[in-house]
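Trainee: I'm new to this one and would like to know where the labels come from. Can we go through them together?
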Amino acid sequence: MTHPDRERGCMISSGTTACHPDHAALARDAAARRDAMRERIADALSSFAATADAHRLARSLSAVMEGISVQARDGATPMELQEIVEEVVSGVEARRPRDARRLSSRPKSD
């Protein structure tokens, strides 16, 4: 989202949220892509959250991602965006069952 040689932000997150009626098909496509992204996030969360909780959390994470996109577009640094990500990951990690957290923090054996 902050690569110096590319457009800042994410077009899936922030693209065509409001547009001319001639571009309504593009707006619907972007909305469908955002929906698909939320579904993929919910699927990834389903290993430690009930379906309804996974979908609720996916909507929340999508909102954060969209906010990160806007902040990147407005000039936030990679470090500033990484701080947001670290806060969100800490919150998601705190929701995981204690046993799963202990297992994921153990060193992996060969």
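Mentor: Sure, starting with a definition: buried means under 20% relative accessible area, exposed means over 50%, and partly exposed is in between (1.4 Å probe, protein chains only). This is a predicted model, where local features need pLDDT of at least 70 and side-chain atom pairs count only at pLDDT 80 or more, while totals for chains, interfaces and linings use all residues. Residues are numbered from 1 along each chain as its sequence is written, and side-chain values use heavy atoms, with hydrogens and water left out.

Trainee: What makes Arg-38 partly exposed?
Mentor: Its relative accessible area is 23%. Buried needs under 20% and exposed needs over 50%, so Arg-38 counts as partly exposed.

Trainee: Why is the contact of Arg-38 with Asp-35 called a salt bridge?
Mentor: The term asks for a side-chain nitrogen of Lys or Arg within 4 Å of a carboxyl oxygen of Asp or Glu. For Arg-38 and Asp-35, the closest N and O atoms are 2.1 Å apart, so the pair fits. Both residues lie in helix 2, three residues apart, about one turn of the helix. Asp-35, at 40% relative accessibility, is partly exposed.

Trainee: Why can such side chains pair at all?
Mentor: Side chains of opposite charge can do so when their charged atoms come close.

Trainee: How many salt bridges are there in the whole structure?
Mentor: The search finds three. Another one joins Asp-29 to Arg-33, with the closest N and O atoms 2.9 Å apart. Those two are four residues apart in helix 2 (residues 24–45), which means about one helical turn separates them. Asp-29 is partly exposed at 38%, and Arg-33 is partly exposed at 46%.

Trainee: Which side chains meet in a salt bridge at 3.0 Å, N to O?
Mentor: Those of Arg-56 and Asp-53. Both sit in helix 3, three residues apart. Arg-56 is partly exposed at 43%, as is Asp-53 at 27%.

Trainee: How do you know that the length of helix 3 agrees with its residue count?
Mentor: The expected span is 1.5 Å times one less than the number of residues. For the 23 residues of helix 3 (residues 51–73) that gives 33 Å, and the end C-alpha atoms are 33 Å apart, so the two agree. Just after helix 3, Gly-75 takes a positive phi of about 105 degrees.

Trainee: What counts as a helix, and how many does the chain have?
Mentor: Helices (H or I, at least four residues) and strands (E, at least two) are DSSP runs, numbered from the N terminus. The protein chain has five helices and zero strands.

Trainee: What makes up the largest nonpolar core?
Mentor: A nonpolar core is a set of buried Ala, Val, Leu, Ile, Met, Phe, Trp, Tyr and Cys residues joined through side-chain atoms within 4.5 Å. The largest has 11 residues, among them Met-37, Phe-48, Leu-57 and Val-92. Helix 2 and helix 3 each supply at least two residues of this core. Overall, 23% of the 110 residues of the chain count as buried.

Trainee: Where is confidence lowest, and where is it highest?
Mentor: pLDDT is the predictor's confidence in each residue, from 0 to 100. The lowest mean is 54, in helix 5 (residues 98–105), and the highest is 91, in helix 3. The chain has a mean pLDDT of 81, with 80% of its residues at 70 or more.
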